[in-house]
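Please go through the structure below together with this report, which moves from the ligand surroundings to the strands, the helix and a few backbone details.

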Amino acid sequence: MEGELFPRAPREIAPGAVHLPDWLGAEEQRELLRECRGWARPPAGLRTVRTPGGGTMTARQVCLGWHWYPYGYARTVVDGDGAPVKPFPARLGELGRRAVADALGAPAARDAAYDIALVNFYDADARMGMHRDSDEQADAPVVSLSLGDTCVFRFGTTRGRTRPWTDVELRSGDLFVFGGPSRLAYHGVPRVHPGTAPPELGLTGRLNVTLRVSGL
Ligand SMILES: O=C(O)CCC(=O)C(=O)O
Ligand SMILES: [Fe+2]
C-alpha cells in the first residue's frame, strides 16, 4: 500500500497457511471487482444464506461452479431462486494455481483443478464466525482474495473454534492461502473496518473470493 513506512512482508501464519500482502495489483483488483459485480446479478446471484438453525449469515454470497449451501454443494441454487449455478471461469482456475505456486511453491499447485468460487460480500456490520471449509472432498489449498475494506481475518487451529489463533489484517489485493496441515483449520472474520477500501477501487464494503477444489 502506498504511504506504508515498511512494506508488509509475506508471512507463514501456520504450516501451510501463508499471507501474501498486495498480491493483486490495482488493475487486477478492478478487473476482479468488475467480474464480481456481474456474478452478483440474478439469476443465481448474490443471496442471503440461511443456516439450518434459523439464523442468517451477515455476509451475502454468490457461488460459481458449485453452489454452496449449509452444508453441502449442489448444481442449482437449492436454497434460493433454484437457477443453475454460474459456470466457474477458467481464468479463476489459472489465478488459483498461480496463487498457490506463489504462496506454497509450484509442486503444491500442480494438480489443483479449481472448480468452485465463493464470493462473500461484507458490509460494515457483516462478520463470519469461526468455521472450517470442510464440505469439499479434496485437500487442495483454499485460495482467498480480498477486495475493498480491510478486515480482521482470524486463523486458528484444526482442533476447535477457540484460541490459539492469529489475527491477520487482510487488505484489498491481499492473498491468503491455506492448505496442507492447515487446510481444515478454523477461521473467521470478526470485524471489517468500514471506509478503508482504496478510494480508486470504487467499492464500499469488502469482497472476498475463495477458490476451492470440490473433489465432486
Ligand atoms: O471473507 C473471508 O476472508 C473468509 C471467507 C471464508 O472463510 C469462507 O468463505 O469460507
Ligand atoms: Fe471459510
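## Ligand surroundings and fold details

The shell around ligand 1 divides into 4 nonpolar, 5 polar and 1 charged residues, where Ala, Val, Leu, Ile, Met, Phe, Trp, Tyr, Cys and Pro count as nonpolar, Asp, Glu, Lys and Arg as charged, and the others, Gly among them, as polar. This is a predicted model, in which local features need pLDDT of at least 70 and side-chain atom pairs count only at pLDDT 80 or more, while totals for chains, interfaces and linings use all residues. Residues are numbered from 1 along each chain as its sequence is written, and chains are lettered from A and ligands numbered from 1 in the order in which they are written.

The shell consists of Leu118, Asn120, Met128, Asp133, Ser144, Phe153, His187, Val189, Asn208 and Thr210, a residue being near a molecule if its C-beta atom, placed from the backbone, lies within 6 Å of it. Two or more residues of this shell come from each of strand 6 (116-122), strand 12 (187-193) and strand 13 (206-212); helices (H or I, at least four residues) and strands (E, at least two) are DSSP runs, numbered from the N terminus.

In an unreviewed UniProt entry, the annotation "binding site" covers His131, Asp133 and His187; UniProt positions are given in the numbering used here, feature names are shortened, and annotations may be inferred rather than shown by experiment. These residues span 57 residues in sequence, yet no two of their C-alpha atoms are more than 8.7 Å apart, so they gather at one spot. His187, found in strand 12, is buried, with 26 other C-beta atoms within 10 Å, whereas Asp133, in the loop between strand 7 and strand 8, is partly exposed, with 18 other C-beta atoms within 10 Å. The cut-offs are 20 or more other C-beta atoms within 10 Å for buried, 12 or fewer for exposed, and anything in between for partly exposed, with C-beta atoms placed from the backbone. Leaving aside neighbours within four places in sequence, His187 is in contact with Met130, Phe153, Arg154, Phe155 and Gly156, and Asp133, not counting residues up to four places away, touches Val142 and Arg212; contact here requires C-beta atoms, placed from the backbone, to lie within 7 Å.

The same unreviewed entry type carries the annotation "domain: Fe2OG dioxygenase" over residues 113-215. That span is 0% helix and 46% strand, and its end C-alpha atoms lie 9 Å apart.

Strand 8 (residues 142-148) has 7 of its 7 residues buried, so it is largely enclosed by the rest of the structure. Strand 8 runs antiparallel to strand 11 (residues 175-178), to which 4 bridges join it, and Val143 stands opposite Val177 in that pairing. Strand 8 is also antiparallel to strand 13, with 6 bridges between them, and there Leu147 has Leu207 as its bridge partner; strands pair if DSSP finds at least two bridges between them.

Helix 2 (residues 90-104) has 15 residues, which at 1.5 Å a residue should span 21 Å, and its end C-alpha atoms are 21 Å apart, which agrees; the expected span is 1.5 Å times one less than the number of residues. Its buried residues are Leu92, Leu95, Gly96, Arg97, Ala99, Val100, Ala103 and Leu104, and they pack against strand 2 (17-20), helix 3 (106-109), strand 6, strand 8, strand 11 and strand 13. Just after helix 2, Gly105 takes a positive phi of about 105 degrees.

Two cis peptide bonds and two positive phi values outside glycine are listed here.

| Site | Feature | Value |
|---|---|---|
| Pro42 to Pro43 | cis peptide bond | omega near -5 degrees |
| Pro70 to Tyr71 | cis peptide bond | omega near 5 degrees |
| Asp22 | positive phi | near 55 degrees |
| Ala44 | positive phi | about 55 degrees |

Pro43 is found in the loop between helix 1 (26-39) and strand 3 (60-64), and Ala44 lies in the loop between helix 1 and strand 3. Ala44 counts as buried, with 21 C-beta neighbours inside 10 Å, whereas Asp22, in the loop between strand 2 and helix 1, is partly exposed, with 17 other C-beta atoms within 10 Å. Tyr71 belongs to the loop between strand 4 (67-69) and strand 5 (72-74).

Key: Contact = placed C-beta atoms within 7 Å.
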